[in-house]
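User: Could you take a close look at one part of this model for me? I'd like to hear about the salt bridges and whatever sits around them.

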Amino acid sequence: MQTVKVEGMTCGHCAQTVTKALEALPAVERALVDLKTGEVVVEGTAELGAIRKAIEDAGYEVRDAA
């Protein structure tokens, strides 16, 4: 499980977009978005690079990983 801080998510549609982008990755079991904190918890075995690319390809920016 990894937690990443994502910048640019402001609404439910943003959360849904990020969730769908991450859950499309074969190594992601589930992605949980918290709009209030701007954090996404990614469950599975995906590497940070793949997570970052999926989020950035969806139009958002990864600020850091916890």
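**Salt bridges up close**

Analyst: Glutamate 61 is a good place to start: its relative accessible area is 37%, so it counts as partly exposed. Keep in mind that this is a predicted model, with an average pLDDT of 94 for the protein chain and 97% of the residues at 70 or above. The side chain of glutamate 61 meets that of arginine 63 in a salt bridge, 2.8 Å from N to O. Arginine 63 also pairs with glutamate 7, here at 2.9 Å, N to O. Glutamate 7 belongs to strand β1 (residues 2-7) and arginine 63 to strand β4, so this bridge ties together parts that are 56 residues apart in sequence. Through shared partners, Glu7, Glu61 and Arg63 end up in one network. Both ends of the β1–β4 pair are partly exposed: glutamate 7 has a relative accessible area of 40%, and arginine 63 comes in at 46%. One caveat on confidence: strand β4 (residues 61-65) has the lowest mean pLDDT among the elements of the chain, 81.

The count comes to four salt bridges, and another of them sits in helix α2. There, lysine 53 bridges to aspartate 57, with the closest N and O atoms 2.7 Å apart. The two are four residues apart in α2, about one turn of the helix. Aspartate 57 is exposed, at 57% relative accessibility. By contrast, Ile51, Ala54 and Ile55 of α2 (residues 48-57) are buried. These three span an arc of only 95° around the axis, which puts them on the same side of α2. Just past the helix, glycine 59 adopts a positive phi of about 100°.

How values were computed. Residues numbered from 1 in each chain as written. Predicted model: local features only at pLDDT ≥ 70, side-chain atom pairs only at ≥ 80, totals over all residues. Heavy atoms only, no water. pLDDT = per-residue confidence, 0-100. Buried < 20%, exposed > 50% of the residue type's maximum accessible area, 1.4 Å probe, protein only. Arc of directions from axis to C-beta.
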